[in-house]
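Biologist: Could you walk me through this model, please? I would like to start with a strand pairing and work outwards.

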Amino acid sequence: NNKNNKNIFERIRDLLGSREMVVYKRVSSFEWEGVQVDINLVETPEHLKWLCDMWSFSGLVMLMGMIATRLNLKLGHDGLYLRSPHVFLLTQDFPSVVTHLGF
C-alpha cells in the first residue's frame, strides 16, 4: 500500500542523503548529488517486464499515450487501462498494446 511504499522510499531517501523526494504510488524520485534518481517498486514479473519495455521505447510510449487518451484508455506505469466510470486494467502485455494502438 502507499503508506508502506512511502516508508520504503523514506529509508532510501535517508540512505542517499537526499533533500528532496516526490512519491506517486509505487514510484519515487530523489535528488542524489545533483542527479534525479527514479525508483519503481515492482510487484510482479509482468510489471517488471512492462516497465522494461516502456523504458526501452520511451519515445514510442509518448505517442502511444496520446493515442490511448483519445481512445478513452490510460497508458500507465503498470499497464493499459480502460477509462469508464471505473478504471480497469486491460493488459500488461506491451507488444499487444503496441499492436492494438496501431504501431
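Biologist: Which residue in β5 is the bridge partner of L75?

Modeller: Happy to help, and note that this is a predicted model, where local features need pLDDT of at least 70, side-chain atom pairs count only at pLDDT 80 or more, and totals for chains, interfaces and linings use all residues. Residues are numbered from 1 along each chain as its sequence is written, and side-chain values use heavy atoms, leaving out hydrogens and water. Strands here are DSSP runs of E with at least two residues, and helices are runs of H or I with at least four, both numbered from the N terminus. For L75, the bridge partner in β5 is L80.

Biologist: How many bridges join β4 to β5?

Modeller: Two strands count as paired if DSSP finds at least two bridges between them. β4 and β5 (residues 79-83) run antiparallel, and the number of bridges joining them is four.

Biologist: What is the order of the strands in the open sheet?

Modeller: This sheet has three strands with antiparallel pairing. Its edge strands are β4 (73-76) and β6 (87-91), each pairing on one side only. From one strand to the next, the twist averages 35°, with axes fitted to C-alpha atoms and angles running from 0 to 180 degrees between N-to-C directions; for helices the fit covers the stretch in contact. The order is β4-β5-β6.

Biologist: What angle does the direction of helix α2 make with that of β4?

Modeller: Helix α2 (residues 45-56) packs on the sheet and touches β4, β5 and β6, where contact means heavy atoms within 4.5 Å. Its direction makes an angle with that of β4 of about 90°.

Biologist: And which strands does helix α3 lie across?

Modeller: Helix α3 spans residues 58-70 and runs at about 155° to β4. The strands it lies across are β4 and β5.

Biologist: Is S18 buried or exposed?

Modeller: S18 sits in the loop between α1 (2-16) and β1 (21-24). Beyond its neighbours within four places in sequence, S18 is in contact with R13, F30 and E31. Buried means under 20% relative accessible area, exposed over 50%, and partly exposed in between, with a 1.4 Å probe and protein chains only. Since S18 has 10% relative accessibility, it counts as buried.

Biologist: What pattern does the whole protein follow along the sequence?

Modeller: The protein contains four helices and six strands. Of its 103 residues, 31% are buried. Read along the sequence, the pattern is α-β-β-β-α-α-β-β-β-α.
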